[in-house]
Amino acid sequence: MKPRVLVVDDDSSLAEMLGIVLRSDGFEPAFVPDGSRALAAFREVKPDIVLLDLMLPGASGIDVCRAIRAESGTPIIMLTAKSDTVDVVLGLESGADDYVVKPFKPKELTARMRARLRRYDEAGGETLTIGPADSPVSIDVPAHQVVRDAKQVSLTPLEFDLLVALARKPRQVFTREVLLEQVWGYRHAADTRLVNVHVQRLRSKVERDPERPEVVLTVRGVGYKAGPP
Amino acid sequence: MSKAADGPVFGVDGTRPVATDSSGTNHGLTTRLGIDRIRQAANDIGARLGRQISVAAGQLATTWRRSLQFRVAATTVVVTGAVVLLIGLFLVDQISNGVLKSKRVAAVSQANAGLDPAKARFNGVASGDLTGIRQAVDQLTVDLAGSGSGTGLYGIAVRSTDATVDKALTPGPAIPPELRSQVRQDHIAVQYSPVPQAGVARLTPGLIVGEPVRTRAGFFELYYLFPLGAEQHTISLVQRTVWVAGAALVLLVAVITVLVTRQVVRPVRVVARTAEMLAAGDLSQRVKVAGEDDLALLGESFNDMAISLQHQIQRLEQLSRLQQRFTSDVSHELRTPLTTVRMAAELLHNSRDSFAPELARSAELLTNELDRFENLLGDLLEISRYDAGAARLEADPVDLAGVVERAVYASSGLATRHGIEIRSHFGEGSAVAEVDARRVERILRNLICNAVDHAEGSPIDVQLGADERSVAVTVRDRGIGLRPGEAGLVFNRFWRGDPSRSRHTGGTGLGLAISLEDARLHGGWLQAWGERGKGAVFRLTLPRNLGDTLEQSPLPLVPSEVQT
């Protein structure tokens, strides 16, 4: 079955061109040109992945992103004309998994989309435990569930993948580049800010105090590692 | 120091007989009296102050330089002090003269009044009758003392020029020999000299008037001794009053000066403080203006200046915001159609095998030129972001070795196409620094691309070095190098060393300009060295901690084999 893509973009030429490219690459695209109708279209189409322009008439891309993220973990890739740090970080913080800066090459876009659609090959009934002994985080990998203090923590697939990647090798320090490669599936091209923002988002969900992390620790000058199990 | 200052004011040694003329003045005496006292006091105070002044001299000099108020007050006090001193001296002198002169006149007339009774007494005594003479002298003393009760107390002494007679007389108070010799020469003489006073053990300053008395019984000298205790007291009182009043006046003037200058200095200081705050960036600071005087005018002008400054800066800030906004909007508006064109071109490019040869080549050119166009647009937007001051640093502690590796890797394809080898040299120790890895990688990529462009087939060396406070990367090629003076030009926008040379790597001409801005944003250095035929070196030096100031670079800019 072809993966369904919801394209939220007000530029009809670009949308049409995206349609041609996506169809030729084996996707099934649907289009919505208006931010205010994006959520309704999302519920109707039930896409596997969303391409979202940040500058939209009606609701802004940021608002649409938050609205979708509030009810689903579906991967969202922002299409942005702004590579400014503030805009990118704002987009990522509002829940986007990745971003592509216009003008992008079609291959780059589809590669990123496939990377987001690719799931971990969940071999075996693996359960991982990390974090402090008095309040551990337990990860049920096949069930895609994270529990801390007897409460289920709701993570997006990307956040889940990030946590699993760290938890599988608890003593290893991961550089941002290695995480980009393992979790996002990119080599040498992407921006390490992706990692920073997603680690922050992950911490805000699993840590008791995100200012003093116990589960996802920063190793200054190197990267991140999982807290001791 | 004069002798007079050692003893009593009317001291024996210091006094001089005045002229017989009873109207003569004693000017010299009283003037010396005042000056000597002041001189002594001044010497005492001077000695004590000297030490303290030398200690506080530096402090005082600093205050003098820095405080207008102090300077004005000090000057006023010194000038007023001098004037008060002169006036005081003059006043004391005049008053003392007046008091003493009237006393003298009274004393001389008193003495003249006693001449006739004295003559009458002595005329009734035979010459050589010592007992008679003594009786007459006693009688006379009683008479004259009694008659003088109206003019003030005085003592009487009678002496004789005849030594035998003189011995027989009751030895009275000592009379200065100078005075006696004048009287013996038949003059009425006046002299200031210490005299005994009833009820006082010590001699007091006094005035002695001597008269010759020629009688049948012999030549007698009649002395009137007037104690000047009261006059001395009066003069002292006047002196004290004058000096106390003078000191009070000087003090008053000092206080007034301080208060008056404060009125001027305080608003000036307020303006200065406000100006400092304005300079520090608080543009809303204003001076409180009261009244309509010159200082109020200063305050008003200052406020006008501040308002105009604030408007200007706000206008510039707004322009800058507009510029940023414009950049951002242009970015979006240009990039969206470019994306469509790009995708269309890519589609055509991918199907070019099925096209006629011209069409296939056209599709290729379209795609390649779109790359250039895109790079140029990206660089233009980046540099306009710097021009608008909108560039922000996302700094994290990063190991530069990884950044160098990535930059070298990213450029390796390009280098291989040109048959150029890139050799990396990593020094020992960690090269962790607080940098924006994305920007540093961009700088290094730009430097390596630039080196590939100019290496002419020779290998490129990328070296990483670090010391306590900074990290550095040099990129060295052994190509055409730079002409003298070009090292400063290479960072100019769209600058080309040799306009006839083509760019192999499709650089936009903005790469080094952007790299320089990136380096500056880190507080770092980006420098170039080059020599014709020996190649070029570009060195990036960054502080380990953001905000530190660089003092030196861990790597040399000029390669060691070239250095002589």
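Of the 564 residues that make up chain B in this predicted model, 28% count as buried. Chain B contains twelve helices and 13 strands, and if we look at its contacts between residues with a separation of 6 or more, 68% of them link residues that are 24 or more positions apart.

One element of chain B that repays a slower look is helix 10, which has 18 residues and reaches 26 Å from its first C-alpha to its last, close to the 26 Å expected at 1.5 Å a residue. Along the way, helix 10 of chain B bends by about 40 degrees at B:S411, and B:S411 is also one of the buried residues of this helix, together with B:L400, B:V403, B:V404, B:A407 and B:A415. What do the buried residues of helix 10 of chain B pack against? Their partners are strand 7, strand 8 (422-426), strand 9 (432-435), helix 11, strand 10 (460-466) and strand 11 (470-477) of chain B. After helix 10 of chain B comes B:G419, which has a positive phi, near 65 degrees.

We can now turn to the place where the two chains touch, a contact that takes 26 residues from chain B and 23 residues from chain A. On the side of chain B that touches chain A, at least two residues each are supplied by helix 8 (294-350), strand 7 (396-399), helix 10 (400-417) and helix 11 (437-454) of chain B. The largest share, 13 residues, comes from helix 8 of chain B, and sorted by class this side of chain B has ten nonpolar, seven polar and nine charged residues.

The interior is the next topic, and a general point helps here: in soluble globular proteins, nonpolar side chains tend to be buried together. The largest nonpolar core in this model has 64 residues, of which A:V8, A:V50, A:L52 and A:L163 touch the most other members, while helix 6 (residues 157-168) of chain A gives the most to this core, with seven residues. A:L163 is in contact with A:I139, A:V146, A:L155 and A:L202, leaving aside its neighbours within four places in sequence. A second, separate core has 46 residues, including B:I420, B:V473, B:A513 and B:I514.

Finally, chain A holds an open sheet of three strands in the order 10-12-11, with antiparallel pairing. Strand 10 (174-175) and strand 11 (216-219) of chain A each have a single partner strand and stand at the edges, so one side of each is left without a neighbour in the sheet. Strand 10 of chain A is joined by two bridges to strand 12 (residues 223-226) of chain A, and these strands run antiparallel, with A:T175 standing opposite A:G223 in strand 12 of chain A.

Technical notes. Residues are numbered from 1 along each chain as its sequence is written. Chains are lettered from A and ligands numbered from 1 in the order in which they are written. This is a predicted model: local features need pLDDT of at least 70, side-chain atom pairs count only at pLDDT 80 or more; totals for chains, interfaces and linings use all residues. Two residues are in contact if their C-beta atoms, placed from the backbone, lie within 7 Å. Helices (H or I, at least four residues) and strands (E, at least two) are DSSP runs, numbered from the N terminus. Ala, Val, Leu, Ile, Met, Phe, Trp, Tyr, Cys and Pro count as nonpolar, Asp, Glu, Lys and Arg as charged, and the others, Gly among them, as polar. Two strands pair if DSSP finds at least two bridges between them. A nonpolar core is a set of buried Ala, Val, Leu, Ile, Met, Phe, Trp, Tyr and Cys residues joined through C-beta atoms within 7 Å. A residue is buried if 20 or more other C-beta atoms lie within 10 Å of its own, exposed if 12 or fewer, and partly exposed in between; C-beta atoms are placed from the backbone. The expected span of a helix is 1.5 Å times one less than its number of residues. The bend at a residue is the angle between axes fitted to the seven residues ending there and the seven starting there.
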